[in-house]
Amino acid sequence: MNLFDYMRESKMESESPLASRLRPKTLDEVVGQQHIVGRDKLLYRAIKADKLGSIIFYGPPGTGKTTLAKVIANTTSADFRQINATVAGKKDMEEVVHAAKDNMGMYGKKTILFVDEIHRFNKGQQDYLLPFVEDGTLILIGATTENPYFEVNGALLSRSRIFELKPLEKEDIRELIRRAVYDRDRGMGTYDAVIDDDAAEFLADTANGDARAALNAVELGILTTERGPDGKIHIDLAVAQECIQKRVVRYDKNGDNHYDTVSAFIKSMRGSDPDAAVYYLARMLYAGEDIKFIARRIMICASEDVGNADPQALTVAVSAAQAVERIGMPEAQIILSQAVTYVATAPKSNAACMAVGAAAEAVASSRTMPVPVHLQDKHYKGAQKLGHGLGYKYAHDYPKHYVKQQYLPDGMEGSVFYEPSDNGYEREIRRHMAWLKEEDT
């Protein structure tokens with residue numbers, strides 16, 4: 001490193017955002033994540049002993065993935081290299097591999113490569129790293145907000161240990177806020193600021209487990225708030241609310257939180273809990289979810305989980321889907337709420353869903369028999385000469401508009417796929433079918 005690089009890095013370190021300056025340098029300074037960095041945990045012991053294998057840190061933003069990588073960089077005797085998958089290319093990886101080979105060959109020194117946002121690497125880029133991870137040229141540390149089982153090659157996963165980082169607890173974030181305000185070395189203690197307890201509590205709660213969001217709000221508050229009569233900068237609740245403005249919602253449209261929230265949304269409608277269903281609706285809307293996607297899920301639930309127990313549910317859901325496309329937000333949330341609460345409170349039956357599933361299984365597992373002759377179409381050329389349609393009984397010519405005859409193919413007579421439940425309108429369907437079949441006609 002030359003003098004200019006040293007001066008540049010020193011200046012960046014002193015002027016970097018508070019969240020970056022406040023990162024711990026040792027394991028003992030780490031706040032939270034005790035399930036993986038507690039003193040009796042594997043990762044703690046491996047870092048302390050400098051015997052780290054390839055690992056992947058997986059968790060929401062602001063939970064300490066890069067922080068742990070930096071702690072490892074400060075404690076390891078290995079050469080530590082860092083790249084970001086959003087901007088790095090094959091040339092960057094080739095340079096790291098070349099240096100790693102030199103380190104191992106000339107000095108017997110290992111190389112740790114930290115790849116931030118590793119899920120951004122395509123399959124080819126991940127495959128390039130594989131042989132060097134496998135032969136020990138590189139010890140890989142990957143960080144990702146996406147589920148690694150979906151986004152990272154299976155071969156790399158099998159050679160790495162995955163550590164899942166959880167959203168920080170409120171107590172952890174309050175501790176970081178206290179350090180940010182009063183630490184004179186790496187925090188903003190030199191500004192002579194104070195923060196009220198209710199303001200710290202609000203920021204810790206509103207950050208929703210994301211330490212970076214809370215620290216950014218603290219920094220903004222201290223830098224933009226005028227000093228009071230006592231010469232101090234006071235961060236009160238009003239300042240805290242103004243600086244963070246909006247609760248941070250963990251909701252990545254392509255990640256776990258998306259699928260988990262959608263799953264909870266559907267299961268709440270299915271479980272007849274309108275309060276939970278409308279809560280998850282609001283959560284998705286708040287995070288900017290596509291209203292057409294939400295409408296599609298409501299339509300599916302209306303058919304799959306309500307079905308004929310309330311046939312009107314599907315009509316409501318389809319009408320809502322059409323309406324939200326024409327109207328858009330913010331009014332679309334009212335329409336979606338109406339559909340969600342209707343479907344959630346409707347009587348439930350999956351009988352229609354189970355019927356097509358059972359019928360599909362029968363189709364797949366048995367020989368496809370011809371349609372009974374009397375049901376075949378007799379109108380196309382030559383059909384009547386072949387006897388098609390002969391013997392068909394027209395239901396409307398009989399009492400109750402019903403006549404007993406074979407509809408299923410030969411060998412399947414008596415098969416039952418649709419069994420109406422006793423819920424809602426299906427109770428009437430069950431009664432009606434029983435009434436039709438009270439006597440053979």
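**Helix α18**

I began with helix α18 in this predicted model. The helix runs over residues 332–345 and has 14 residues. From its first C-alpha to its last I get 20 Å, close to the 20 Å expected at 1.5 Å a residue.

I then asked which residues of α18 are buried. The list reads Ala 332, Ile 335, Leu 336, Ala 339, Val 340, Val 343 and Ala 344. They cover an arc of only 160° around the axis, so they sit on the same side of α18. I also looked at the face turned away from that buried side, and found the exposed residues Ile 334, Gln 338 and Thr 345 there.

**The loop before α18**

I went back along the chain to the loop between α17 (312–327) and α18, where Pro 330 lies. The peptide bond joining Met 329 and Pro 330 is cis, with omega at about 5°.

For Gly 328 I noted a distance to Lys 292: the two are 36 residues apart in sequence, and their C-alpha atoms are 9.5 Å apart in space. Lys 292 belongs to helix α16 (residues 291–306). I looked up its exposure as well; Lys 292 has a relative accessible area of 36% and is partly exposed.

**The cavity**

How many cavities of 30 Å³ or more are there? I count one. Its volume is about 40 Å³.

I listed the lining of this largest cavity: Ala 46, Ile 47, Asp 50, Lys 51, Leu 52, Ile 72, Thr 75, Thr 76 and Ile 112. By type, the lining has five nonpolar, two polar and two charged residues. Two helices, α4 (42–48) and α5 (65–75), each supply at least two of the lining residues.

Asp 50, one of the lining residues, got a separate look. Its phi is positive, about 55°, although the residue is not a glycine. Asp 50 is placed in the loop between α4 and β1 (55–58). Its relative accessible area is 26%, and since buried requires under 20% and exposed over 50%, Asp 50 is partly exposed.

**A second positive phi**

I made the same kind of entry for Ser 272. Phi of Ser 272 is near 60°, again a positive value in a residue other than glycine. Ser 272 lies in the loop between α14 (256–270) and α15 (274–286). At 38% relative accessibility, Ser 272 is partly exposed.

**The annotated domain**

I checked the UniProt record for annotations. An unreviewed entry there places the feature "domain: AAA+ ATPase" at residues 51–168. Over residues 51–168 I read 42% helix and 22% strand. The C-alpha atoms at the two ends of the stretch are 27 Å apart.

I next took Glu 117, which is in the loop between β3 (111–116) and α7 (123–134). Is Glu 117 buried or partly exposed? With a relative accessible area of 22%, Glu 117 is partly exposed; the cut-off for buried is under 20%. Glu 117 and Phe 57 are 60 residues apart along the chain, and 10.0 Å separates their C-alpha atoms.

**The second largest pocket**

I looked up the second largest pocket and found a volume of about 680 Å³. Of the 21 residues that line this pocket, Tyr 402, Tyr 407, Ser 415, Met 433 and Lys 437 are the closest to its centre. The lining of the second largest pocket divides into 10 nonpolar, four polar and seven charged residues.

**Two buried residues**

Where is Leu 203 found? I located Leu 203 in helix α11 (residues 197–206). Leu 203 is buried, at a relative accessible area of 1%. Its C-alpha is 8.4 Å from that of Ile 173, a residue 30 positions away along the chain.

My last entry is Gln 33, in the loop between α2 (18–21) and α3 (34–37). Gln 33 has a relative accessible area of 6% and is buried. I also took the distance from Gln 33 to Lys 400: the C-alpha atoms are 70 Å apart in space, and the residues are 367 apart in sequence.

How values were computed
Residues numbered from 1 in each chain as written. Predicted model: local features only at pLDDT ≥ 70, side-chain atom pairs only at ≥ 80, totals over all residues. Heavy atoms only, no water. 1 Å grid on protein atoms, 1.4 Å probe; cavity = no way out; pocket = protein on both sides within 12 Å on 5 of 7 lines; lining within 4 Å. Points joined across faces, edges and corners; volume = space filled by probe spheres on them. Helix = DSSP H or I, 4+ residues; strand = E, 2+ residues; numbered from the N terminus. Nonpolar A, V, L, I, M, F, W, Y, C, P; charged D, E, K, R; others polar. Expected span 1.5 Å × (residues − 1). Buried < 20%, exposed > 50% of the residue type's maximum accessible area, 1.4 Å probe, protein only. Arc of directions from axis to C-beta. UniProt positions renumbered as here; feature names shortened; annotations may be inferred.
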